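Open the model in your viewer and keep the sequence panel beside it. The tour below moves from selection to selection, and at each stop it says what to look for.

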Amino acid sequence: VQLQASGGGSVQAGGSLRLSCAASGGSIIEHGMGWFRQAPGKEREFVAFSVWSDGTTRYGNSVKGRFTISRNNAQNTVYLQMNRLKPEDTAVYYCEADRRTHYDSFWYRRSVEYEIWGQGTLVTVSS
């Protein structure tokens, strides 16, 4: 499976963007899917996680209540709806996939735990 993130761009603070993560070469319906972001000079940060089988979602504290992860299994795509964007949301956003669909031990919050990494898409939020 290969992943390709898209939908990034420049937006003013308070605005919205929707990122897409399209999978090819296989289905992601059985995968746990994560979104991460990395700002210049900072470590990769957990943003959101989704398990299709039971509808579980998890979010990083800095985006909770503003971002929503969702899936379209028919299109083999995962989305990240980002609302009320802030300048501190500026980063390259990555989607990642792993065949684990449980969420105990918080493995999903660590980027290195995922077996499939996609290319990123840049989001820039201006004040």
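A residue is called buried here if its relative accessible area is under 20%, exposed if that area is over 50%, and partly exposed in between. By that cut-off Glu96, with a relative accessible area of 0%, is buried. Bear in mind throughout that this is a predicted model.

**Stop 1: Glu96 and its surroundings**

Select Glu96, which is found in strand β9, and display the residues around it. Leaving aside neighbours within four places in sequence, Glu96 is in contact with Leu3, Gly32, Met33, Gly34, Phe36, Arg44, Ser111, Tyr114, Ile116 and Trp117. For one of these, Trp117, the C-alpha atom is separated from that of Glu96 by 4.6 Å, although the two residues are 21 residues apart along the chain. Next, show the side-chain atoms and look for polar contacts: one of 2.8 Å joins the side chains of Glu96 and Ser111, and another, of 2.9 Å, joins those of Glu96 and Arg44.

Now add Arg44 to the selection, since the side chains of Arg44 and Glu96 meet in a salt bridge with an N to O distance of 2.9 Å. This pair links distant parts of the chain, with Arg44 in the loop between β4 and β5 and Glu96 in strand β9, 52 residues apart. How does the accessibility of Arg44 classify it: buried, partly exposed or exposed? Its relative accessibility is 26%, so Arg44 counts as partly exposed.

**Stop 2: Arg37 and the charged network**

Move to Arg37, in strand β4. Which residue forms a salt bridge with Arg37? The partner is Asp89, with the closest N and O atoms 2.8 Å apart. Because Arg37 lies in strand β4 and Asp89 in the loop between β8 and β9, the pair ties together parts that are 52 residues apart in sequence. Both Arg37 and Asp89 are buried, and for Arg37 the relative accessibility is 5%.

With Arg37 still selected, bring up Tyr93 as well, because at 5% relative accessibility Arg37 counts as buried and the surrounding side chains are worth displaying. A polar contact of 2.9 Å joins the side chains of Arg37 and Tyr93. Beyond four places in sequence, the residues in contact with Arg37 include Glu43, Val47, Ser62, Phe67, Glu88 and Ala91.

The structure holds 8 salt bridges. For another, select Arg100 and Asp98, whose closest N and O atoms are 3.0 Å apart. In this pair Arg100 is partly exposed, with a relative accessible area of 27%, whereas Asp98 is buried, with a relative accessible area of 6%. Then select Arg37, Glu45, Arg66 and Asp89 together: salt bridges that share partners join these four residues into one network.

**Stop 3: the nonpolar cores**

Hide the charged side chains and turn to the largest nonpolar core, which has 28 residues. The members that touch the most others are Leu3, Trp35, Val47, Phe67, Leu80, Met82 and Tyr93. Strands that each supply at least two residues of this core include β1 (2-6), β3 (17-24), β8 (77-82) and β11 (121-126). Apart from this core lies another, of 7 residues, among them Phe49, Trp107, Tyr108 and Tyr114.

Centre the view on Met82. Not counting residues up to four places away in sequence, Met82 touches Gly15, Ser16, Leu17, Leu19, Arg66, Phe67, Tyr93 and Val123.

**Stop 4: the four-stranded sheet**

Switch to a cartoon display and find the open sheet of 4 strands, whose order is β1-β3-β8-β7 and whose pairing is antiparallel. Its edge strands, β1 and β7, each pair on one side only. Neighbouring strands of this sheet are turned by 15 degrees against each other on average, direction ignored. Look between β3 and β8, which run antiparallel and are joined by 6 bridges; here Leu17 has Met82, in β8, as its bridge partner.

**Stop 5: two backbone angles**

Most residues other than glycine have a negative phi. Finish with Asn76, in the loop between β7 and β8, where phi is near 55 degrees, a positive value. At 14% relative accessibility, Asn76 counts as buried. Phe106 also has a positive phi, near 55 degrees, and its place is in the loop between β9 and β10 (116-117).

Technical notes:
Residues are numbered from 1 along each chain as its sequence is written. This is a predicted model: local features need pLDDT of at least 70, side-chain atom pairs count only at pLDDT 80 or more; totals for chains, interfaces and linings use all residues. Side-chain values use heavy atoms; hydrogens and water are left out. A nonpolar core is a set of buried Ala, Val, Leu, Ile, Met, Phe, Trp, Tyr and Cys residues joined through side-chain atoms within 4.5 Å. Buried means under 20% relative accessible area, exposed over 50%, partly exposed in between (1.4 Å probe, protein chains only). Contact means heavy atoms within 4.5 Å. Two strands pair if DSSP finds at least two bridges between them. Axes are lines fitted to C-alpha atoms, for helices over the stretch in contact, and angles run from 0 to 180 degrees between N-to-C directions. A polar contact is a pair of N or O atoms within 3.5 Å; within protein, one must be able to donate a hydrogen and the other to accept it, and residues adjacent in sequence count only if both atoms are side-chain atoms.
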